[in-house]
Amino acid sequence: TVPFAAFTTYGPILADARGASGLTAELMLSVFFTASFAARAIMSYLEGKASPILVFLLTALGLPAAALSTTLFQVVISFVLLGLAHGLAYPLSVGYVAESVGRENLAWANTVLSGVSAGVLFLTLPILGYLAQSSGLPAVFLAPEPLVVALALAFWFFKTRGKVLASSPL
């Protein structure tokens, strides 16, 4: 949620700073959402089987690509990388929610997921705004990077631990 909030809010501003006209900067969001839609279409074709590590990797590459970009083309590449990650992240999240609760609690769990996501956005955007104003646009895209890495490591740890526990004779 945090990387995508940063990107959808500040991506067009970054594109403008890299030489795009206002219209072009806004149209570049179409690149992001087209990549997101393509990822969801591919995921539908793969019957929901995509690697969460791919989401983390695309995000971990896309954020610094945006922060370190010096040309409009480099910004477009970051829009594509983060758009693909965005398209994969939500279906995977919903899938994990569905797998972790019983059918009778699914609506409640999806509501909690949406509420937590909205709460994180509500808290994150002012912080990112302050960061953009005080440290510059690149900081907005670099700030979520440690969170992405920490989540990837936590996901890997719990996924690995779950496999070890599942194969345990106890």
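Start with the whole chain selected: of its 170 residues, 33% count as buried. Keep in mind that this is a predicted model.

**The whole chain**

Switch to a cartoon view. The chain has 7 helices and 0 strands. Follow the cartoon from the start of the sequence to its end, and the pattern reads α-α-α-α-α-α-α.

Next, show just the C-alpha trace. Along its principal axes, this trace spans about 60 × 35 × 30 Å.

Now display contacts within the chain. Take those between residues at least 6 apart in sequence: 78% of them join residues at least 24 apart.

**The surface**

Turn on the surface of the chain. About 9,900 Å² is exposed, and carbon and sulfur atoms supply 72% of that area.

Color the charged residues next. The chain carries 7 positive and 6 negative charges. How far apart are the mean positions of the positive and negative charges? They lie 10 Å apart.

**The nonpolar patch**

Select Ile 53, Trp 156, Phe 157 and Phe 158. These residues form a nonpolar patch on the surface. Together they have about 460 Å² of accessible area.

Which helix gives the most to this nonpolar patch? Select residues 145-167 to see the answer: this is helix α7, which contributes 3 residues to the patch.

Finish by selecting Trp 156 alone. Trp 156 sits in helix α7 and is one of the residues that form the nonpolar patch.

Technical notes:
Residues are numbered from 1 along each chain as its sequence is written. This is a predicted model: local features need pLDDT of at least 70, side-chain atom pairs count only at pLDDT 80 or more; totals for chains, interfaces and linings use all residues. Side-chain values use heavy atoms; hydrogens and water are left out. Helices (H or I, at least four residues) and strands (E, at least two) are DSSP runs, numbered from the N terminus. Buried means under 20% relative accessible area, exposed over 50%, partly exposed in between (1.4 Å probe, protein chains only). Contact means heavy atoms within 4.5 Å. Accessible areas come from the Shrake-Rupley method with a 1.4 Å probe; for residues, only the protein chains shown count as cover. Lys and Arg count as positive and Asp and Glu as negative; His and the chain ends are not counted. The place of a charge is taken as NZ of Lys, CZ of Arg, CG of Asp or CD of Glu. Patches are made of residues with over 30% relative accessible area and no salt bridge: like charges are joined within 9 Å, nonpolar side chains (Val, Leu, Ile, Met, Phe, Trp, Tyr) within 5 Å. A salt bridge is a side-chain nitrogen of Lys or Arg within 4 Å of a carboxyl oxygen of Asp or Glu.
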